[in-house]
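Trainee: I would like to learn how to read a protein model, one feature at a time. Where should we begin?

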Amino acid sequence: MKVALGQFAVAREWQANAETCVSLMEKSVSAKADLLVLPEGVLARDITDPDLVLKAAQPLDGPFVSQLLAASVGSQLTTMMCIHMPAPDSNGRVWNVLIAIRDGQIISQYRKLHLYDAFATQESKNVTPGTEVPPLIEIAGFKVGLMTCYDVRFPELARRLVLDGAEVLALPAAWVKGPLKEMHWEVLVTARALENTSYVVAVGECGERNIGNSMVVDPLGVAIARAAEAPALVFTTLDRERLNHARKILPVLQNRCFDTPQLR
């Protein structure tokens, strides 16, 4: 499976971000990619206005997603990203939703389970958590599980997805800068790949607030593709033989002694 990592700095206006997403989609189609992963929160961002997620939120049939769906028609490229959408009956808060689109359709959606209430940030002020683990998506013969940003700090979700059959974990993110935060990102992404003998495709937003540093880590913990701190579109290929080899020589999924706690 050929994957694309579309790293960029999210602008305040949704129209500009839609144009960026469509451009990255077009370039990924031209490169014959099967999967394009974009960052978390691609609808709108302004570091001086933390409540923008509320003001800018759009439903899934709103103009932002509609523009991307129209651009995806006629292509088998699967594109993933996260947007904020209104959450009825949640005291004015929104959902942080990972959507996967293909050929004019939303083929899956996942409402972020673990909200980033850490390092003096409180995502739950404006966002209400999801309650369900999403089903896997099949892309180019691989089974792909969905996670979002802070989810990577919780090994139970990754393990649950892998026990459900995931061979690839896709992780849109907006990893906030801070002391040791880049090290945390690399350690956690690598750990989720290695402990589950799965690929992890982790794509972070870049810009003033976030680290970028998108990466793909293979089932034996090797980073096979990376971006730095600037906007980038990076391609790599996930290899079925590498996955099979890792799971043969490192059978942690068979050797484990404990069941994963039941997730909601």
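**Reading the model feature by feature**

Mentor: Begin with a single side chain, and keep in mind that this model is predicted. Leu180 has a relative accessible area of 57%, so Leu180 is exposed. Leu180 sits in the loop between β10 (168-173) and α5 (181-196).

Trainee: Which residues make a nonpolar surface patch with Leu180?

Mentor: Met183 and Val187 join Leu180 in that patch, which covers about 300 Å².

Trainee: Now the cysteines. How many disulfides are there?

Mentor: First the general idea: a disulfide is a covalent bond that ties together the sulfur atoms of two cysteines. To be counted here, the two sulfur atoms must lie within 2.5 Å. By that rule the count is 0 disulfides. Take Cys82, which is in no disulfide: the nearest cysteine sulfur belongs to Cys149 and is 8.4 Å away.

Trainee: Is Cys82 buried or exposed?

Mentor: Cys82 counts as buried because its relative accessibility is 0%.

Trainee: Why does Cys206 have no bond to the closest cysteine sulfur?

Mentor: The closest cysteine sulfur is in Cys21, and it lies 12 Å from the sulfur of Cys206, so the gap is too far for a bond. Cys206 has a relative accessibility of 1% and therefore counts as buried.

Trainee: Next, charged side chains. How many salt bridges are there?

Mentor: In general, side chains of opposite charge can pair when their charged atoms come close. The cut-off used here is a side-chain nitrogen of Lys or Arg within 4 Å of a carboxyl oxygen of Asp or Glu. The count by this rule is 12 salt bridges.

Trainee: With which residue does Lys125 form a salt bridge?

Mentor: The partner is Asp51, and the closest N and O atoms of the pair are 3.8 Å apart. This pair links distant parts of the chain, 74 residues apart: Lys125 is in the loop between β7 and β8 (137-139), while Asp51 is in the loop between β2 (35-37) and α2. Lys125 counts as exposed because its relative accessibility is 52%. Asp51 has a relative accessible area of 28%, so Asp51 is partly exposed.

Trainee: Which residue pairs with Arg226 in a salt bridge?

Mentor: Glu186 does, with the closest N and O atoms 2.8 Å apart. Here too the pair links distant parts of the chain: Arg226 in strand β13 (residues 223-226) and Glu186 in helix α5, 40 residues apart. Arg226 is partly exposed at 46%, and Glu186 is partly exposed at 33%.

Trainee: How many residues apart are Glu195 and Arg192 in helix α5?

Mentor: They are 3 residues apart in the helix, so about one helical turn separates them. Glu195 and Arg192 form a salt bridge whose closest N and O atoms are 2.5 Å apart. Glu195 is partly exposed at 26% relative accessibility, whereas Arg192 is buried at 7%. Elsewhere, salt bridges that share partners join Arg12, Asp46, Asp49 and Lys55 into one network.

Trainee: Last, the pockets. How much space lies in the largest pocket?

Mentor: The largest pocket holds about 580 Å³ of space. It is lined by 29 residues, and the closest to its centre are Arg45, Pro50, Thr121, Glu123 and Arg209. Two elements, α2 (52-56) and β7 (121-122), give two or more residues to the lining.

Conventions
Residues numbered from 1 in each chain as written. Predicted model: local features only at pLDDT ≥ 70, side-chain atom pairs only at ≥ 80, totals over all residues. Heavy atoms only, no water. Buried < 20%, exposed > 50% of the residue type's maximum accessible area, 1.4 Å probe, protein only. Patch = residues over 30% accessible without salt bridge, like charges linked within 9 Å, V, L, I, M, F, W, Y side chains within 5 Å. Areas by Shrake-Rupley, 256 points an atom, 1.4 Å probe, with all protein chains shown as cover. Helix = DSSP H or I, 4+ residues; strand = E, 2+ residues; numbered from the N terminus. 1 Å grid on protein atoms, 1.4 Å probe; cavity = no way out; pocket = protein on both sides within 12 Å on 5 of 7 lines; lining within 4 Å. Points joined across faces, edges and corners; volume = space filled by probe spheres on them.
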